[in-house]
Amino acid sequence: MIESLTEFYKRIERPELATLTALAKGKEFFNVQKSHCNVGKTSFSYRDFYKVSLVTHTGKLYYADKWIMVDRPAILFSTPLIPYAWEALGEGSGNGYYCIFNELFLKPGDRNSSLAETPLLDISRERIYFPDNNTLETITKLFIKMKEEFESDYQQKSDILRCYLHLIVHEAMKMQQSSRYVPHKNASQRIAELFLTLLERQFPVDPRKGLKLKTPTDFAERLSVHVNHLNRVVKSTVGRTTSTIISNRIIQEGVQLLQHSNYSVAEIAFALGFEEPASFSSFLRKHTNMSPTEHRMKIAV
């Protein structure tokens, strides 16, 4: 369910780029290419990279429980936070481009300034835009300049590439179009599966970072659905409430950390989203009839 940069390039039959991404692991990565889609559907999954595409192919874009027909040039934004699938229905004009990059390419300042409220970082924003002819021409030229700069030997070209990225993002956002999505026929099952995948992706938890998604509302916002709808489809599909599933997974992780790590109870509590260690202790005792200390001692017996 999670496609890496290396896996992406292997899927599109670019083995030389797959090798490049493997060498760049843990480092800033950026690449821009002309796009070419084979007719067919990609797997529905999360990606661990960002991608901005100028799509000139006809196809269907699937997001969570809905899809949209892309029957004219479009700008598509995909992030590691939202799963999607693309189904190409016909060959494009050959004028498409895409740039692909990892989290390290985005400088800290980008997250706190102009990109913070764009489709790259704000999951509530529209994911696809249909530019008019003038905007399409402008964005195409920006991609061409971006590719030329990417292929240059200029040592500071990353800064220029980020500038082009900013311009493409904001040119698309000027359109402010409302896309017409169609509900997916297996919407309930898909939403439930995505919820479970999103939950599991957080584990094993890193105590230094902690959980980001802790409540049904957190997951609903990430999946772009109303929390009541999420609760209904999870209950009908899985047979348990959203809150119960989240709580059980937190309990499982908490017990594992208590029994198999050297982290203190306070560190584990904060990592699992509790503001106070006492709250974690009460939560664990309520659901397991054992305190954190008792769980920790159990493994030593």
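This passage walks through the aromatic pairs, the charges placed over rings and one helix contact in a predicted model.

Aromatic rings make a good starting point. Across the whole structure, a search finds 13 aromatic pairs. In one of them, the ring centres of Tyr50 and Phe101 are 5.5 Å apart and the planes meet at 5°, so this pair counts as stacked, the cut-off for stacking being planes under 30 degrees apart. Tyr50 belongs to strand β5 (residues 50–55) and Phe101 to strand β10 (residues 97–101), so the pair ties together parts that lie 51 residues apart in sequence. Both Tyr50 and Phe101 are buried. The two also take part in a wider grouping, a cluster in which ring pairs link Phe30, Tyr50, Phe101, Phe105 and Phe150.

A member of that cluster, Phe150, has a charged neighbour as well: Lys157 lies over the face of Phe150, at 5.4 Å from the ring centre. A similar arrangement is found at Phe203, where Arg249 lies over the ring face at 4.1 Å from the centre.

Turning to the helices, α9 (residues 242–260) packs against α11 (residues 277–288) with the axes 11 Å apart and at an angle of about 110°. The two helices are therefore roughly perpendicular to each other, as angles of 65 to 115 degrees are classed that way. On the α9 side, the contact is made by Ser247, Ile250, Ile251, Gly254, Val255 and Leu258, which meet Phe280, Phe283, Leu284, His287 and Thr288 of α11. Seven of the residues in this contact are nonpolar and four are polar, while none is charged.

Note on methods:
Residues are numbered from 1 along each chain as its sequence is written. This is a predicted model: local features need pLDDT of at least 70, side-chain atom pairs count only at pLDDT 80 or more; totals for chains, interfaces and linings use all residues. Side-chain values use heavy atoms; hydrogens and water are left out. Rings of Phe, Tyr and Trp (its six-membered ring) pair if their centres lie within 6.5 Å; planes under 30 degrees apart count as stacked, over 60 as edge-to-face and the rest as tilted. Helices (H or I, at least four residues) and strands (E, at least two) are DSSP runs, numbered from the N terminus. Buried means under 20% relative accessible area, exposed over 50%, partly exposed in between (1.4 Å probe, protein chains only). A charge sits over a ring if NZ of Lys or CZ of Arg is within 6 Å of the ring centre and within 35 degrees of the ring normal. Axes are lines fitted to C-alpha atoms, for helices over the stretch in contact, and angles run from 0 to 180 degrees between N-to-C directions. Angles under 35 degrees count as roughly parallel, over 145 as roughly antiparallel, 65 to 115 as roughly perpendicular and the rest as oblique. Contact means heavy atoms within 4.5 Å. Ala, Val, Leu, Ile, Met, Phe, Trp, Tyr, Cys and Pro count as nonpolar, Asp, Glu, Lys and Arg as charged, and the others, Gly among them, as polar.
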